[in-house]
Every structure is written in structure tokens, then in C-alpha cells.
Amino acid sequence: MKALRNLFDKMRPSFEDGGKLHMFRSVFDGFETFLFVSPTASAQGTHIHDCMDSKRLMTFVIIALMPAMLFGMYNVGYQHFTLINQEASFFEMFFFGFLAVLPKIVVSYAVGLGIEFTVAQWKKEEIQEGFLVSGMIIPMIIPVTTPLWMLALATAFSVIFAKEVFGGTGYNIFNVALITRAFLFFSYPQAMTGDSIWVAEADGLTAATPLATPAAFDLNNSITGLIPGCIGETSVIAIAIGAVILLFTGVASWKTMVSVFIGGAITACLFNCVGSTAASQMPWYAHLCVGGFCFGAVFMATDPVTSARTETGKWIYGFLIGVIAICVRVMGGYPEGMMLAILAMNMFAPLIDYFVVDSNIKKRKNRTTK
Amino acid sequence: MSGLFSKENKEAFINPLNLNNPIAVQVLGICSALAVTAQLEPALVMGLSVTIITAFSSLVISLIRNTIPSRIRIIVQLVVVAALVTIVSMVLKAYLYHVSVQLSVYVGLIITNCILMGRLEAFAMSHSPWPSFLDGVGNGIGYALVLIVVGAIRELFGAGTLLGYKVIPQCVYEAGYKDCGMMVMPSMALILIGCVIWAQRSLNKESK
């Protein structure tokens with residue numbers, strides 16, 4: 001660690017104003033604050049001086065994503081070897097999945113961070129670290145068969161149009177990772193859905209199989225995650241470990257998380273009472289286990305930037321995500337509704353906050369006048 | 001006749017092409033720009049139709065501007081525009097039937113295009129016929145330019161064709177390339193118009 005510190009100190013002058021490598025100032029800055037606590041602190045005014053900046057916060061999310069990621073890699077191999085009816089050891093399966101997933105992670109980070117670094121340098125700003133998490137989530141919510149160029153295009157699109165045009169990290173209205181997925185979903189529906197891809201290469205769209213054929217639902221496999229699906233979102237257990245990490249470190253709000261599940265469960269029960277199609281007769285726990293529901297509820301709905309900020313707002317926001325997700329699944333034309341539900345509620349989060357704050361102001365006014 | 005191409009008249013024609021572009025600067029006529037630009041051909045025809053209609057409605061309104069009672073001027077403007085739109089629509093049906101089917105209701109909806117009413121109210125009602133005509137042509141072409149750019153991008157990346165001819169070679173598809181389905185959706189047209197506005201404003205800023 002010491003050697004690294006010295007290396008950074010030695011390199012700093014060439015990156016400062018007038019230095020040879022001033023062009024790459026933002027990159028240097030980005031890596032330095034990623035590895036160490038930022039050396040600059042505000043000189044005046046009252047500010048909280050804490051090492052827990054957004055970079056550390058993002059690191060916790062990355063750690064929380066790891067169980068789902070590692071399991072996803074194993075599952076990619078498992079599905080592959082099951083399909084071709086070949087015996088394979090645990091490590092063979094994991095290694096197969098690892099090789100399949102790694103290029104996606106590399107491409108997603110290379111494209112996203114490349115754009116972020118360029119923009120930061122161009123606008124003479126610090127590099128924002130928001131993409132650390134998005135870049136890890138993006139490979140986890142797409143089918144493993146997605147071609148790399150599509151991934152690169154979609155990542156570039158979402159980083160530019162969902163994030164940088166709004167002003168960068170912290171200013172985006174929509175979740176960047178979900179916009180990537182939405183772009184792929186609407187641009188290349190044939191690559192994201194359909195029977196051929198997940199049968200041929202043993203992986204598929206989120207919840208495509210269990211949601212397309214509800215009769216094939218198997219609770220045990222859905223909870224352990226040994227079902228075809230997008231890389232990171234099949235295993236309820238792995239996601240639950242991530243959820244515990246997020247809640248324990250206080251990064252995500254338990255209110256949003258819980259209310260998504262409540263909303264989903266209640267809507268599914270209502271559909272059970274009135275519906276007659278196979279999708280509406282799916283039991284509520286099945287709805288919550290399959291597809292991207294868990295992953296969305298734990299990692300995407302709780303995104304601190306795009307979700308509601310007021311405490312009451314979080315309940316409303318999460319509840320409506322659950323409701324919309326199940327409604328799209330049962331009544332809509334798409335097999336999975338989590339992505340559309342979260343994006344729709346991202347749009348309404350500021351409105352929810354506005355009304356919550358407004359009603360609080362009214363309440364307090366009434367109290368003083370009485 | 002020296003006044004025909006005087007500085008003011010030139011400006012009336014050139015301003016709407018760039019600095020006062022109806023779509024990119026005034027942000028008028030967006031609805032039709034989203035609807036008809038999925039392919040280049042309808043975009044071209046639409047741009048041409050709007051140019052003809054703005055030009056001649058400006059001319060006619062400017063000719064009779066002193067006789068229109070101001071309380072019913074909107075109705076009079078609408079009658080003139082509606083007559084021209086009907087003529088254009090009939091011509092399209094007679095000579096370019098497949099395009100008129102593609103454009104469907106949007107030819108008729110030119111009547112409600114904000115550019116038309118905007119130019120008639122803002123310019124033709126207070127200027128003489130020749131500048132009004134130039135202003136109409138300029139605004140029509142300014143609108144058509146954006147439509148053509150957006151239409152070309154959407155057709156190229158959404159279907160791999162331009163004006164119906166295959167542009168992206170087959171070998172690219174065989175290498176794994178796929179057409180982008182989102183380009184065909186109106187939402188992408190909105191983003192592309194945003195990009196056009198972005199590019200145009202940055203260029204104008206630099207040239208200042």
C-alpha cells in the first residue's frame with residue numbers, strides 16, 4: 001500500500017496544471033481517489049469530513065453484487081452443460097461461465113468508463129464514480145448470448161443519453177443500467193427474447209422460461225437459481241445475501257425493498273382471485289421468485305439517485321413498482337415487467353417526493369393555526 | 001426590382017434555415033417530425049408539401065392581409081391553409097399514392113402544424129407578399145432539412161436502407177449486425193431531434 005502511495009505522489013506533478021500528462025488529469029484523479037481517501041478536503045465552511053464518500057458507497061454495492069455475479073457465472077456453465085447433456089465438475093461449469101461473462105464486464109466498463117473519463121476531462125470535472133455500479137449491473141441483467149457490440153452500443157447510448165445529458169452521476173432521472181437493458185430490449189427484441197437463443201445456447205431472457213410457461217415453475221430451483229435467465233438474477237439466495245450486505249451497511253433503503261415485495265405480492269394475490277389465464281393464476285411467491293423481480297427490488301429500485309428520497313415516498317414508490325411489475329407480467333405483452341416498472345416509477349419519483357413534502361407542509365401549517 | 005433580394009429579404013429566407021430553424025430553435029412542428037421520419041421518402045415528401053403550403057399560404061395571406069378583419073383572422077388563415085392542404089393531398093393521392101398511404105393522416109394534419117399558423121401570424125400578417133413568400137419557403141425548407149436528416153438516420157440504422165435501396169451490404173449482416181428496432185420508434189426520433197438541436201447549437205456557438 002505504501003509503495004502505491006509513493007507511486008501516486010511521485011506521479012502527481014506531471015498531472016497537475018502545466019504537467020506533461022495534464023490531459024489525463026481526470027483519470028489520475030479517479031484512480032487515486034478510488035484507491036485512497038481523497039487528499040483534498042474543503043478548507044472553509046461547515047462540511048462533514050468523512051472517508052465514506054460516494055466511491056466507498058459504490059464499493060459496498062459492488063461487494064453486495066458479487067454473490068449474484070459469481071452464482072450467475074456458475075449457472076451459465078450449469079445451463080450449458082445440462083443442455084448438451086454432459087457431465088462437468090463444479091469448476092468446469094464455473095470456468096465456462098466465467099469466460100462467457102468476463103468479456104461482457106470488460107466491454108461494459110471499457111465503454112462506460114471511457115465515455116465518463118472523456119466527459120470529465122472535457123468538462124474539467126472530477127470523474128464521478130456512478131458507473132462503477134452500473135457497469136457491474138449491466139452484464140448481470142442481459143442474456144449471456146447478447147453480442148458484445150450490442151452491449152457496447154447500448155452502454156454508450158445509456159451513459160450519454162440517460163446520464164451525461166442530464167449532468168452526470170447524481171443527476172440522472174432514470175437508472176442507467178436499466179436504460180441499457182431497455183435499449184437492447186426495444187432495439188433488438190429478437191436477440192433479447194424468442195425461443196431460439198435460450199434453447200440453443202442455454203441461456204435466456206429474464207424469466208423467459210418460467211414466465212412463458214408457468215406450469216414449469218419449480219420453487220426450489222427458482223430459489224437456488226438453477227434456471228435459465230439473465231446472468232445475475234436467477235438466484236434468490238445470492239440476491240438475498242447481497243440484500244443483507246446492502247441493508248447492513250445502510251446503502252439501500254429497507255423501506256423501498258420491502259414495499260416492492262409487498263406491492264408485488266398483493267397484486268399477484270388479486271390477480272389470483274380474478275384472473276383465468278395461466279399467468280394470472282401463478283401464486284404470489286412464484287411471481288416474487290422468478291425473473292428479475294428480486295434483483296430489481298434489491299439492486300435497482302433502491303438506487304439512491306433515481307428512487308424517491310422522502311421516507312413516506314419510498315413506501316409509495318416501492319409499492320407501485322411491485323404493482324406495475326406484476327400488472328405488466330400478467331396483462332402486458334411482455335414476459336417481464338420489472339424493468340418497465342422501475343423505469344416508470346423513476347419518472348414519478350420526484351412527483352411522489354413533491355406531494356409527500358407538500359402534505360407535510362400542510363400538516364404542520366394546520367397544526368400551528370389550530 | 002433592386003429590393004427583391006435586399007438584405008431583409010435574404011434574411012427572411014436564410015434565418016429559418018439555421019439561426020431561427022422552426023424545429024431546432026422555435027421547436028414547432030415536432031409532432032409531425034416524429035411521426036413521418038421513420039423512412040426517408042415520406043420525410044422528403046412531407047418536407048416538400050409543408051414548404052409549398054407555407055410558401056403559398058404566406059403569399060395569399062400577405063396579399064389579403066389589409067382586408068382581413070382582425071377578429072376573424074384565424075378563421076381566414078385556416079381556410080387558406082386548408083384549401084392548400086387539400087390540393088396537396090389530392091396531388092399526392094394522384095401521383096404518389098404509396099407515399100400518401102404512408103403519410104396517411106399527417107398530410108391532413110399539416111393544417112394544424114404550428115409552423116404554419118406561427119409564420120402567418122408572426123410574419124405574413126405584417127409584411128408584404130414577396131418577403132412573406134420567401135419567409136414561407138425558408139421555414140418550409142428549414143423544417144424539411146431537419147426531417148431529411150432525421151429520416152435518413154432512422155431509415156439507415158432502422159432498416160439498413162435509404163429511399164428503399166439497400167445501403168448496408170449483406171456481408172455486414174452476416175457478420176452479426178442487426179438493424180436497430182428502436183430507430184423505427186417515435187421515441188428515437190425525439191432523441192435524434194435532440195441531437196440535431198445539440199449539434200446545431202454547438203456549431204452556432206463556435207461560429208459566433
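## Exercises on a two-chain model

Chain A contains 17 helices and 0 strands. Keep in mind that the model is predicted. Grab your viewer and work through the tasks below.

**Exercise 1. Find out how chain A packs: what share of its residues is buried, and what share of its contacts is long-range in sequence.**

Step 1: start with burial. Of the 370 residues in chain A, 49% are buried.

Step 2: turn to contacts. Taking those with a separation of 6 or more, 71% join residues 24 or more positions apart.

Step 3: look at the outside. Chain A has an accessible surface of about 17,600 Å², and carbon and sulfur atoms hold 69% of it.

**Exercise 2. Decide whether A:G242 is buried or exposed, then list its contacts beyond the neighbours within four places in sequence.**

Step 1: place the residue. A:G242 belongs to helix α12 of chain A, which covers residues 236-249.

Step 2: apply the cut-off. Buried means under 20% relative accessible area. A:G242 has 0% relative accessibility, so it counts as buried.

Step 3: collect the contacts. Once those sequence neighbours are set aside, A:G242 touches A:A64, A:P67 and A:F299.

Step 4: check a distance. From A:G242 to A:F295 you go 53 residues along the sequence, yet their C-alpha atoms are 9.5 Å apart in space.

**Exercise 3. Work out how many residues of helix α15 in chain A are buried.**

Step 1: select residues 293-300, the span of α15 in chain A.

Step 2: go through the helix. A:F293, A:C294, A:F295 and A:G296 are buried, and so are A:A297, A:V298, A:F299 and A:M300.

Step 3: count. That gives 8 of 8 residues, and the helix is mostly covered. A:F299, one of the contacts of A:G242, is among these buried residues.

**Exercise 4. Describe the fold of chain B and judge its compactness from the radius of gyration.**

Step 1: count elements. Chain B has 10 helices and 2 strands.

Step 2: write down their order, which is α-α-α-α-α-α-α-α-β-β-α-α along the sequence.

Step 3: compare sizes. The globule rule gives 17 Å for 208 residues and chain B has a radius of gyration of 19 Å, which is close, so chain B is as compact as a globular protein of that length.

Step 4: add the box. Along the principal axes, the C-alpha atoms take up roughly 65 × 45 × 30 Å.

Step 5: finish with packing and surface. In chain B, 42% of the 208 residues are buried. Pairs 24 or more positions apart make up 76% of the contacts with a separation of 6 or more. Chain B exposes about 10,600 Å², with 71% supplied by carbon and sulfur atoms.

Step 6: take the charges. Chain B carries 13 positive and 9 negative ones, and the mean positions of the two sets lie 8 Å apart.

**Exercise 5. Find B:S32 and say which residues it contacts beyond its neighbours within four places in sequence.**

Step 1: go to helix α2 of chain B, residues 30-35, where B:S32 sits.

Step 2: check its cover. B:S32 is at 9% relative accessibility and therefore counts as buried.

Step 3: read off the partners, which are B:M46, B:N113 and B:Y143.

**Exercise 6. Characterise the interface between chain A and chain B by its contacts and buried area.**

Step 1: count residues. The contact involves 11 residues of chain A and 12 residues of chain B.

Step 2: get the area. The two chains bury about 950 Å² between them, and 79% of that is on carbon and sulfur atoms.

Step 3: find the main contributors in chain A. A:W149, A:F161 and A:F186 lose the most area to chain B, together 39% of what that side buries.

How values were computed:
Residues are numbered from 1 along each chain as its sequence is written. Chains are lettered from A and ligands numbered from 1 in the order in which they are written. This is a predicted model: local features need pLDDT of at least 70, side-chain atom pairs count only at pLDDT 80 or more; totals for chains, interfaces and linings use all residues. Side-chain values use heavy atoms; hydrogens and water are left out. Helices (H or I, at least four residues) and strands (E, at least two) are DSSP runs, numbered from the N terminus. The radius of gyration is taken over C-alpha atoms; the globule rule is 2.2 Å times the number of residues to the power 0.38. Buried means under 20% relative accessible area, exposed over 50%, partly exposed in between (1.4 Å probe, protein chains only). Contact means heavy atoms within 4.5 Å. Accessible areas come from the Shrake-Rupley method with a 1.4 Å probe; for residues, only the protein chains shown count as cover. Lys and Arg count as positive and Asp and Glu as negative; His and the chain ends are not counted. The place of a charge is taken as NZ of Lys, CZ of Arg, CG of Asp or CD of Glu. Buried area is the accessible area (1.4 Å probe) that two parts lose on being put together, summed over both.
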